[in-house]
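Reader: I would like a close look at a single part of this model. Please take one ligand site and walk me through it.

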Amino acid sequence: MTFTPTELEVEGAQGGEAARDNAPPSPPASGRRLARAFLKDRAALACSVYILLVLLMALAAPLIVKLSGWGPYEFDQSAVDPDMAGLPLGAAGGMGAEHWFGVEPGSGRDIFARIVYGARVSMTIALSATVLTSVLGVVFGLTAGYFGGKVDMVVSRVMEFLMAFPALIFMIAVLSALPAENRQFLLVGVISFFGWPYLARIVRGQTMSLKEREFVEAAKASGASSGQIIFKEILPNLASTIIVMTTLAVPGYVGTEAGLSFLGVGVVPPTPSWGQMIASSVPWYAVDPAYFLIPGACLFLLVLSFTVLGDRIRRLAETGGARA
Amino acid sequence: MTDAPGTLLRARNLVKEFDVRGGGLFGRSARLRAVDDVSLDVRRGETLALVGESGCGKSTTARLIARLVDTTAGTIEFDGREVQALTGKDLHAFRSEVQVVFQDPYSSLNPKHTVERIVTAPLVYQRRPIPGGARAYTGALMERVGLDPDHSTRFPAQFSGGQAQRIGIARALAVAPKMIIADEAVSALDVSVQAQVINLLRRLQDEEGFSCLFIAHDLAVVRQIATRVAVMNGGRIVETGDRDQVFDTPKDPYTRKLLAAVPRIRPEWDAARRRNEAARRAREQEDAQR
Amino acid sequence: MIRFLLNRVAGMVVVLFLVCLFTFVIFFVLSPDPAVQVCGKNCTTEAIDQIRANLGLDRPFWTQFWTFLSGLFAGRTYGTGANAVECAAPCLGYSFQSSQPVTDMIVQRLPVSATVAIGAAVLWLLAGVTAGLVSAVREGRFADRFIAGLTLTGMSIPNYVLALALQFLLVVTLRWLPFPHAVPFGEDPVQWFMNFLMPWIVLAIGAAAVYTRLTRANVIETLQENYVRTARAKGLGPGLVWRRHALRPALTPIVTIFGMDFASLLGGALITETVFGLNGIGKLAADSITKNDQPVIMGVTLLAAFLVVVGNMVVDLLYTAIDPRVRVGSAT
Amino acid sequence: TGGPSDSTGGAGDDPVAGGTVHMLQNADFSYLDPARGFDGGVNAFYRLIYRGLTMQAAGDAEDPNAIVPDLAESLGTASEDGLTWTYTLKDGLKFDNGDPITAAEVEFGISRAWDPEIGIGSPWLKQTVDAPEDYAGPYQSGDHPGIETPDEHTIVFHLIEPFPEFDNVLAQPNAVPFPVGSGAGDEFINDVIASGPYTLDTYTPGSLIKLVRNEHWDADTDDVRKAYPDAWEFEIGLEAATIDERLLAGQGTDVNAIAGKIQAATLPRVQTPELQDRLIASPAFCTTYMGMNTTKAPFDQVEVRQAVNYALDRASIQTASGGTQLADPATTIIPTAVSGHKDFDLYPSEDYAGDPAKALELLAEVGLEDGFSFVLDIRAQPSMQAQAEAVQEALKAINVEVELNVIDTSTYYETIGTPSQQSDAAITGWCPDWASSASTMVPPLVDGRLITEKGNTNLAQLDDAAVNARIDEIKAIADLAEANVQWGEFDEEVMALAPMAPLVLEKGLFLPGANIAGYHPSTSMTDLAIIGLKDPSQG
Amino acid sequence: MSEALLRVRGLTVAFPTASGPGEVVKALDLDLDRGGSLGIVGESGSGKSMTSLAIMGLLPKGATRSGSIEFAGTELTALRERAMRAVRGDRIAMVFQDPLSSLNPYYTVGTQIAEAYQAHRRGVTRRQARRVAIAAMERVHIEDAARRVDHYPHQFSGGMRQRVMIAMTLSMEPELIIADEPTTALDVTVQAQILDLLAEIRADTGAGLILITHDLAVVSEVADRIVVMRDGDLVESGTAERIFTDPREPYTRMLLEAVPRIDDEIGLLRTTAGEAES
Ligand SMILES: Nc1ncnc2c1ncn2[C@@H]1O[C@H](COP(=O)(O)OP(=O)(O)OP(=O)(O)O)[C@@H](O)[C@H]1O
Ligand SMILES: Nc1ncnc2c1ncn2[C@@H]1O[C@H](COP(=O)(O)OP(=O)(O)OP(=O)(O)O)[C@@H](O)[C@H]1O
Ligand SMILES: [Mg+2]
Ligand SMILES: [Mg+2]
């Protein structure tokens, strides 16, 4: 989320756009061809499978946990060694038929169950934050870009202000000062509050160049109102940008949630989240590496999957599926 | 062509200034006068051609007339109504009476919309019913501009430049306008395609009787289509007159310079070619007869 | 040019004012009573009132805000009588928990943050731009795909995971590096370098990945530009073409992002500094949040915002130097 | 001095003079001003810089909890009525600038505790020494009316009421001399004026404190402080995990390093003989407990509170607190190591694993066998969260649902100490202000007259006439030994009412560097003044 | 005069497509004498640019070329990249269609002209190169060349930019200038000036010229010989006079018919496609 082109760059891009306008646009890739190209892309496929798996895990958490036999909050004192500071008994953090991914030191809670429930938190927060930022980003970006002038100035200043803000410091300060109830909503709110300008900025830039395209003028000449032009004429042209940006935003938010939980201002215990699990595993990394590696790997793979997927979708959108 | 005499559009002393740079608190409000005291008339059924070099203000004039931008000064009267004062229903009515065909067909057609959606957009935006349904209406329009009606669900990028420009014309015709403004409508096209589009425009004008404000910089093309010609230079109109008068006896030095710069195939070559052509035809005819 | 500067500065002032106001409002609303904190564990209601009066906390919001703003420019005095403390301009506030003006605390830690930021920036710029250029000119080949894999990985590792993993590997297991603790350069350059190496790497990896992708995309795009074809048509060698004609224009947008990234890093690499125990501004922020030392949190927030805003402006100015098309002050 | 010492030696080796001891710590000291700071960490630090009239005995003393004279020639002499305490200063006492320490300086330093902005540290002086309502410290109100200095060597304190343990009050960190007129505003931080064996050399807040010898400190006047090292370096702001790693590794100067308790996760790694040799355990001086708000239903019913005490699985809480080596299950309020402790368990269960059946019986008596739910305030700190989760899990067995309310560390005590903001229950720890007595251990937790709007320590908000009367009764006992026995009895009486559930006693394990000697840690305050290096040439 | 400067035989340019290689230039033959001028005409997409780029060895990525290109006796297709670089700019120079996008906006025009010179003349100092640049700009009639040499491309008008492009080719005194639609982006008046300039240069230096355009009227004013292309095929070639007076191929005839002439009679325009105008 460091893409923060300044105004000048946006202006520069416009100039470039104009020069490139002469080339006939490539035909909008047909959905079926894109799907085919996508299916041929093994990396993208693997990533989608992993994401789906995590999603499924999140949705069916109670069911899965029934199968594995241990709930996410159940203590299992017999699985840890009270004489050794509660270190899990057995190799690899207590992994075995009983506890598939081992247990948490101290409490003996089942790591598998916590991973499964943690996926719920991570996905819910990341996806809701993505939806919220996308809506905010698109609406403000479109409005600012299309109307320009004063509206643009106000929106741009607000965006500049939000982007200038040291969001992390602020999020921690605010979250730690606010009461812990509804922490998940707060997380989504705070993340989105600081997140939308990044999309808005790009949407604004594109809108500014799109509105110079003659089809906007043609619509105007046909009697379209501003709202109709924005939502019926311009918005469809932003679809691929928005899709790409949102897929690329999800991993960012998964990471942010995990980071905030890591810093102790995320979800409230005993609710598990991957970030929280990583945070609590920090002191144990030398004696119980599995405790750190499992949530660490799950998180890394999830972020990687979304990133790769976003990347592939972007490429598909750019090349119209001509090259996979 | 002359069955509806009288003036459809009357523009007087149009001025348009743009703010260049500026913005912000300390921006210098330098103003650029893109159109400077332009007056012109378009009569019913005629084609007025507006020519001049790049950046002289042709497009801006057109956009003023189509009320796509607001004037800085001057009046525009269309069919007896003051264009600048139109609002609501009247504006919608005006929007259906004046339509614009743009230079770059791809840029002026929304790449994410199908032909059907593009062509019916003016009716939709003006909240008017589509006679006979969108599909049938689009089909009919496409046929009229020489496109295959089966292609109504295609996207602009799936058409060639000339075909795409026809979609633009079809859109303009969808509301049965009284005037079409063609802003460099053929400049981006290959010679042969250019000819097709011009022929199409001319034919449609004959059939429908709309007036046309035809903007171009290619004088040879202009000569083919214009009834009258207005020459612009530096935001002003330097000369207006009937086509033949402007081309044969240009008054303004700028017009003369423009005419002189037009590259031409040597007339003697053309003459020779025509002779050869005629001879060949004759020969062919003979062969055929034989 | 002057006009452009003035405009830019005006915009900056507006944004900074917004930042001040917003921060102030939020902390005004959210924070627990600072007087209670000053008062300590065993405190009476009267003592709190007394402290509130001394600190001006009983005055209306706008008065307090105004005092804060004017303190920024003219300095201010906290408290009254013998216990009054001076806070010289630019006064970002006074931390009663550590009995120091916030400005001093920040200034003390700036060198560490600057070292961290500069080192990381050098690293990620070098790595990112080089990898991006290589990737672009070798588009589609093995090197490109390899680098793409690396960058995706780099972008996906949360930096605290990376920091912990590196520390575990390089320090605990392999013992190649010492546990990071800031040593002044003058004292022992080798130690200094070894101490900062890990934070630099951790901070640089994510950014380097982003910069690689950006450079790659930009270079590939500029390679399609007509002027690159012109350069080749002139008979220039590939080195010159890539360096002079493809890379330089491709770097321009990178400069814009770099300004902001660097500035925000300077304003505190919170997680990295905390994990490595480096006493920079990020650590200061983290500590202050833990201690709920509100003036410091506010001060750091303001400073970070200020840096980003100024960074942005510097970038805009640089931009005009780099890109001759952006002629400020003259209409093109 | 020194010469090469036996490097394989354990803690038994004796410290010698010289070298620098490094202290690795996560958090900065709260305040360098002893009138402000008041917690275990900083109290130990003050011991190196400041001297008071009395002080806690050395960490290696026979009774480390005893109070011994410091600047004073002997402990105080109380008047008949116990309202006047007189002390005489030793000769040859000096500040680090060479100025003599006289009674005036002692009075001035002590009266700083009354300044509303500075005197935010230990409350005991203000609670015991008589002063007018409006006295606001020496800067605002001048001389302290309750302290007399008849001559340069004599200081007389007038108390509000008899307080047999007054020597303890003067051992508090804020009862130290200050040059008259100094230490106001922000002048303090720039020039710490030391009376102890060390003085401030460098201070970089949040990162480094360096102490060097105070040349004017005279070892002959000081029976307790040994001051072996030439200098101290406090490395601040290190991650807990990093500190432990450094101690384990013991590279470079880290052989001369000491730190606080090791983390639970480090314990499995100190199993080698060499490390076991270095490992030093200290008993707990604090009790971790869960206070139940008796003003809120259903904790207003004693059966419910008792049921909770029965149901708690103290074994799992112990594991969550680091297992058997780092914690013991607590059944009393007064910890084992604090004078006055009495061993009892009113709510026994097998292996401390809880007795849900008994608890359910009790709940059934009040018709709550189907359970209830309550909100538990906890601090945003991993170990406390783990304990809370164990509580939560254990109470599920008696159908009690616990909702955790995580409060940021910085505002935690303020929140739970404000009855209007406090939830149904809270987990926290409590330590005596001085380990020699239980008088500061139990009463603040249960004395109904101490309930205040802010800074309340009686989390249960128990206001029981019998309890209050009993407190007064024991406090009046002049014989400290007898009083301690009574406090133990009192502990049991209070636990019968179950206003709280003691959870665990958190012990400490320390891992000083291999070259450290004279290290006698304690979870409440480690005596830094007697620590030294075995071989100053190392590290 | 009759010595061959460029001899292209069977030039084929192909792009890989989903359905095998797609040939965009098919077995093209071209001949140009020393000092001669050749016009290549054809509608958009007929492969004109690809032909010129194939000669320069600057085809876009993925394109393959085959056939023979003989330049002043050297077989260009056999040259290694390094040797080809020595030819480019020095002996064959190219002027592109869009002068703004073909000049690097980040460098002054002087730098860009000097750069070409320095690339081919070893040991040239910066100062010398700059003097060459100024001289070249003077030759293309840019006033105040000594000052304007330090300006950036965006500070010039379209016509002047095109002059700069031409100046760039001039500094090297090439034997062959390839101009790919050098006037398409320009106004008629400016176009006339540029065409005049090209003619003047050719007369001065004796360089050969390949002029690529879709405007028949333009070639008719400049070229001695003409090649007509369509869909990558060579339709017809011959002297300008022959093509214009006696076009043999129907396509050429149609193309000529379609050109609107300023002095044509008014009437229905003819089109190449001949598609039904219903
Ligand atoms: N929105 C605008 N803001 C500022 N200046 C403008 C704007 N639109 C046009 N201009 C300026 O007004 C002048 C006239 O522009 P206009 O587009 O009308 O010219 P034109 O004759 O149509 O040229 P062309 O043949 O290149 O289309 C130009 O100098 C142009 O830069
Ligand atoms: N990179 C490419 N990949 C695939 N096909 C290409 C590529 N570049 C050009 N072509 C195709 O090669 C053909 C010839 O292109 P070329 O640019 O030579 O045409 P042209 O005659 O110069 O047209 P114009 O007058 O529009 O410049 C076109 O059909 C074009 O689509
Ligand atoms: Mg125009
Ligand atoms: Mg071409």
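Which backbone atom lies 2.8 Å from an oxygen atom of ligand 2, and in which residue?

Author: This is a predicted model. The atom is a backbone N or O of E:G45, 2.8 Å from an oxygen of ligand 2. A second backbone approach comes from E:G47, where a polar backbone atom is 3.0 Å from a ligand 2 oxygen. A side chain takes part too. An N or O atom in the side chain of E:E181 is 3.1 Å from an oxygen atom of ligand 2. Taken alone, ligand 2 exposes 640 Å², and the protein buries 61% of that.

Now the shell. Ligand 2 is surrounded by E:F15, E:V24, E:E43, E:S44, E:G45, E:S46, E:G47, E:K48, E:S49, E:M50 and E:E181. By class, three of these residues are nonpolar, five are polar and three are charged. Helix 1 of chain E, residues 48-56, gives the largest share of the shell, with three residues.

Chain B holds the site of ligand 1, and it can be read in the same order. A polar backbone atom of B:G55 is 2.6 Å from an oxygen atom of ligand 1. For B:C56, a polar backbone atom is 3.1 Å from a ligand 1 oxygen. A side chain takes part here as well: a polar side-chain atom of B:E184 lies 3.2 Å from an oxygen of ligand 1. On its own, ligand 1 exposes 640 Å², of which the protein buries 63%.

The shell around ligand 1 consists of B:F18, B:L32, B:A34, B:E53, B:S54, B:G55, B:C56, B:G57, B:K58, B:S59, B:T60 and B:E184. Its classes are four nonpolar, five polar and three charged residues. Two elements of chain B each give two or more residues to this shell: strand 2 (30-43) and helix 1 (58-65). Helix 1 of chain B gives the most, three residues.

One protein interface is worth setting beside these sites. In chain C, 51 residues are in contact with 44 residues of chain A. The two chains bury about 4,200 Å² between them, 77% of it on carbon and sulfur atoms. Zero salt bridges are found across the interface of chain C and chain A. Residue pairs in polar contact, both at pLDDT 80 or more, also number zero between these chains. Several helices of chain C give two or more residues to the side that touches chain A, among them helix 1 (2-30), helix 8 (189-223) and helix 13 (294-322). Helix 1 of chain C provides the largest share, twelve residues. By class, that side of chain C has 36 nonpolar, nine polar and six charged residues.

Conventions
Residues are numbered from 1 along each chain as its sequence is written. Chains are lettered from A and ligands numbered from 1 in the order in which they are written. This is a predicted model: local features need pLDDT of at least 70, side-chain atom pairs count only at pLDDT 80 or more; totals for chains, interfaces and linings use all residues. Side-chain values use heavy atoms; hydrogens and water are left out. Contact means heavy atoms within 4.5 Å. Buried area is the accessible area (1.4 Å probe) that two parts lose on being put together, summed over both. A salt bridge is a side-chain nitrogen of Lys or Arg within 4 Å of a carboxyl oxygen of Asp or Glu. A polar contact is a pair of N or O atoms within 3.5 Å; within protein, one must be able to donate a hydrogen and the other to accept it, and residues adjacent in sequence count only if both atoms are side-chain atoms. Helices (H or I, at least four residues) and strands (E, at least two) are DSSP runs, numbered from the N terminus. Ala, Val, Leu, Ile, Met, Phe, Trp, Tyr, Cys and Pro count as nonpolar, Asp, Glu, Lys and Arg as charged, and the others, Gly among them, as polar. A residue is near a molecule or strand if one of its heavy atoms lies within 4 Å of it. Accessible areas come from the Shrake-Rupley method with a 1.4 Å probe; for residues, only the protein chains shown count as cover.
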